[in-house]
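Here is a friendly briefing to read beside the model on your screen. It goes through sheets, helices, domains and a few single residues, topic by topic.

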Amino acid sequence: MKAKFLIPLALFGVLVAFLAVGLTRDPHEIPSPFINKPAPPFKVAQLIKADDAFSPADLKGQVWMLNVWASWCVACRSEHPLLVQMSQAKIVPVIGLDYKDKRDDGVKFLAQHGDPYNLSAFDADGRVGIDYGVYGVPETFIIDKHGVIRHKQIGPITPESLEKTILPLLAELKKES
Amino acid sequence: MIPELGHFLLVLALCVAAVLGTLPLLGAHQRRREWIVLARPAAQVFFLLTAASFVALGWSFYVNDFSVLYVAEHSNSLLPTVYRLAAIWGGHEGSLLLWMFMLSCWTVAVATLSRTLDETMVARVLGVLGLVATGLLLFVLFTSNPFERLLPAAQEGRDLNPLLQDPGLVFHPPMLYMGYVGFSVAFAFAIAALLSGRLDAAWARWSRPWTLTAWIFLTCGIALGSVWAYYELGWGGWWFWDPVENASFLPWLLGTALIHSLAVTEKRGSFKSWTVLLAIGAFSLSLLGTFLVRSGVLTSVHAFASDPRRGIFILLLLVLVVGSSLALFAWRAPKVALGGQFGLISRESLLLVGNVLLVVACGSVLLGTLYPLIVDALNLGKISVGPPYFNTVFVPLMAPALFLMAAVPLARWKHADVKDMARRLWIAGALAIVGAIAIPMLMGGWTFLTGLGTLLSVWIAASMILQMIARLKSGIPPLSFWGMQLGHLGVAVFVMGVTLVGGFQEEKDVRMEPGDIVTVGGHEFKFIGITAVNGPNYKAARGEFQVIRNNVPTRTLYPEKRTYVSSEMPMTEAAIDPGVTRDVYVSLGEPLEGKAWAVRVYFKPFVDWIWGGCLLMALGGICAASDRRYRMRVKAAAAARTTALQGASS
């Protein structure tokens, strides 16, 4: 066997090594600049009680979750039952942020699918979403007692992410002083 | 019920593929006739099962069966029927089923059209195809089952990505996959030849039309994808050096080298091991492309959901298929006898130079595509490689190849007469120099790149046309001659298009109110206004623009900004007025205050020549693949068989 005929095989071996390492990396993983930063303040009207306002400052001293949703968002429907279950367990306050929606549609959506939220803030023009760096709905933020964002879930919550990431983190944060 | 049936048929197809991939190969090795003759019927059954499974998935889409997860994710009851059917390959699982279906088509085609090939060779070729099919079917069934149920069923499907709701989706992926997968036949022939140790001219003659056919499909598929990106993405570009585009371009480059190298092996018996390596390489790159696209190791505009399990599976498959073939190559290729000798300047040597240039170009595109991955793997950070790298590397490599292209058909085998070649080429050379100066000047200004591009384009075109005229004087040439000439002429047309649109396109981004006029490339565009329209599954703002030339309105263009009902995704539909010498292209940006809109207007000279050139190349391929000598053999062999049968019966 002549050595030169092995060159293609050797080159292929090197290629495979790189591909194998590449598989362990996630090119989509962009570190969110919002983690460990104070949650941006805002004050907007609530969805259902349109005359009342909501501001993150109202929840200072509590661990809470901000879930960005919309009636037009199909992926939100997949995580919605999980949120309803979670709210029944009353683990932490869950605040909704109804993003770029119509008020009637949002209210109807909650009436149809159940309302898992302590309240929903109404972000009709998406300003709050911009402050929070929302680039797809749904997204979920976990905010600690000091009003600092500790985790961001991009895309719908799945039973797996709830079990493995969100619930343990919430339990841990609740223990912090 | 139908989805379960489809799933079951696919499992059966796997069983048949496993039989096809083992018994005939073993039979060929141990000279067991009863196993060898299994190959053809097994290939036919494999095709029928895969096709039926494919139809089953199509049926689920047709009847809006949202209890099938894949259908619920990629379709919607509002989606027009043709897109509902094309949505079969709108996502990962269905694309792979399409891949399988194409592979079964190629397999059955080889089984049916190779009546004259000796039984052992057919058994080996079909066996290799069966092995490939087995690997991919395992992948489909274990990681990407398109028939998975969604219980309870969804009320409504999530809808097909609006980017894909376009005639482009109907034609581009099947064409592309047909090409991609078609290289598996060249690969199977190469492996079969290595296994049998019979690497001869007959082998090259057999694999040549198959390789050409795959190459034609791939050429058309890539061109269609490029057209689609051009009008659908609304940026007016026709090639982005995106990883997924590159994944289809890499096998094309190697496939192009392969069809030329096969020509040498068929005519002169040289380059045998090189040809085999190219055949292995072209198919390996098809598989690598599948890996890159489907594993999500690279980010791309073709963002697909990725699943690490799939990545590992395809990587394993890649290692098995490519690794074992390259090992077989290392073991068997050294025993291959050398072909005919040739001089320093001969058709062989010139083709070899062209071949090396194509392979190096392919390697550099591969490197650029994988570079982000390599850098990340070495922990050097996350980077992306863009068009500047590819253009800087690709153009200098292709320029000499294009320069040679005009001369090679004039060079003789074994030993070329340089003086004679120069005598026959000087007119083309003179025309090229005149063209390189005159065309850019006429278009608006000479630059180095436009000069180079037009020089090469005119050089090739003039040389090809002069050769055709000279050849016609001595009678009607065979189709393979026309294939070569048309294919190369296509390259000339392509290069001209790329050069002129790259050098002289104009683009304006403007804010327009109704009544405003903007002038681009000698055309005036008058914004009339916006009206709201409703499509089957979207709402749109439709703009109206009058194109005015010399104060006479010539055409009205209607670009749209669509919002799809189910996904709320905005889409830009550009309006294009195509023409032989120029396209004008209007696309709507965002609405601004009042009635004003952001508008993008492009003037694209000769852009359609890019795809016209590709079409010519494909036409050249069709001529070459249907040359008489391939059909003659079939007829002659059929006649021989009939005689033999008669002899046996009498």
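In chain B, four strands form an open sheet in the order β1-β10-β9-β8, and their pairing is antiparallel. The coordinates you are looking at are a predicted model. The edges of this sheet are β1 (506–512) and β8 (575–577) of chain B, each of which pairs on one side only. On average, neighbouring strands are turned by 15° against each other, direction ignored.

**Inside the chain B sheet**

- Strand β9 (residues 582–591) of chain B and strand β10 (residues 597–605) of chain B run antiparallel and are joined by eight bridges.
- Two of the facing pairs are handy for finding the register: B:Asp583 stands opposite B:Lys604 in β10(B), and B:Tyr585 stands opposite B:Tyr602 in β10(B).
- The hairpin of β9(B) and β10(B) has five residues between the strands, and B:Gly594 there takes a positive phi near 65°.
- On the other side, β8(B) pairs with β9(B) in the antiparallel sense over three bridges.
- B:Tyr585 turns up again here, since B:Ile576 stands opposite B:Tyr585 in β9(B).
- The hairpin that joins β8(B) to β9(B) runs through four residues.
- How enclosed is β9(B) by the rest of the structure? It is largely enclosed, because seven of its ten residues are buried.

**The chain A sheet**

- Chain A has an open sheet of five strands with mixed pairing, ordered β5-β4-β3-β6-β7.
- Its edge strands are β5 (119–123) and β7 (149–154) of chain A, and each pairs on one side only.
- From one strand to the next, the twist averages 20°.
- Helix α5 (residues 159–175) of chain A packs on this sheet and touches β6 and β7 of chain A, with a direction that makes about 165° with that of β7(A).
- Strand β3 (residues 64–69) of chain A and strand β6 (residues 139–143) of chain A run antiparallel, with five bridges joining them.
- To place that pairing on screen, look for A:Asn67, whose bridge partner in β6(A) is A:Thr140.
- β6(A) also pairs with β7(A), in the antiparallel sense and over five bridges.
- In that pairing, A:Glu139 stands opposite A:Ile154 in β7(A).
- Which residue takes a positive phi in the hairpin of β6(A) and β7(A)? It is A:Gly147, with a phi near 75°, in a hairpin that has five residues between the strands.

**A helix pair in chain B**

- Helix α3 (residues 39–62) of chain B and helix α7 (residues 119–143) of chain B have axes that come within 9 Å and cross at roughly 35°.
- The crossing of α3(B) and α7(B) is left-handed.
- From α3(B), the contact uses B:Ala39, B:Arg40, B:Ala43 and B:Phe46, which meet B:Val122, B:Ala123, B:Leu126, B:Gly127 and B:Ala133 in α7(B).
- By class, the residues of this contact are seven nonpolar, one polar and one charged.

**Domains of chain B**

- The domain assignment divides chain B into domain 1 (1–160), domain 2 (417–504 + 613–617) and domain 3 (507–605).
- Taken over C-alpha atoms, the centres of domain 1 and domain 3 of chain B are separated by 43 Å.
- Domain 1 of chain B and domain 3 of chain B each give six residues to their contact.
- On the domain 1 side of that contact there are three nonpolar, one polar and two charged residues.

**Two residues in chain B helices**

- B:Ala492 lies in helix α17 (residues 479–504) of chain B.
- Is B:Ala492 buried or exposed? B:Ala492 counts as buried because it has 25 C-beta neighbours inside 10 Å, and the cut-off for that class is 20 or more.
- Leaving aside neighbours within four places in sequence, B:Ala492 is in contact with B:Ser457, B:Ile460, B:Ala461 and B:Met464.
- B:Ala492 and B:Ile427 are 65 residues apart in sequence, and 17 Å apart in space from C-alpha to C-alpha.
- B:Pro396 is found in helix α14 (residues 387–407) of chain B.
- B:Pro396 counts as exposed because it has 12 C-beta neighbours inside 10 Å, and the exposed class takes 12 or fewer.
- Between B:Pro396 and B:Leu138 the separation is 258 residues in sequence and 43 Å in space, C-alpha to C-alpha.

Definitions and conventions:
Residues numbered from 1 in each chain as written. Chains lettered and ligands numbered in written order. Predicted model: local features only at pLDDT ≥ 70, side-chain atom pairs only at ≥ 80, totals over all residues. Pairing = 2+ DSSP bridges. Axes fitted to C-alpha atoms, helices over the stretch in contact; angles between N-to-C directions. Contact = placed C-beta atoms within 7 Å. Domains from an automatic or database assignment. Nonpolar A, V, L, I, M, F, W, Y, C, P; charged D, E, K, R; others polar. Left-handed = near helix turned anticlockwise from the far one by under 90°.
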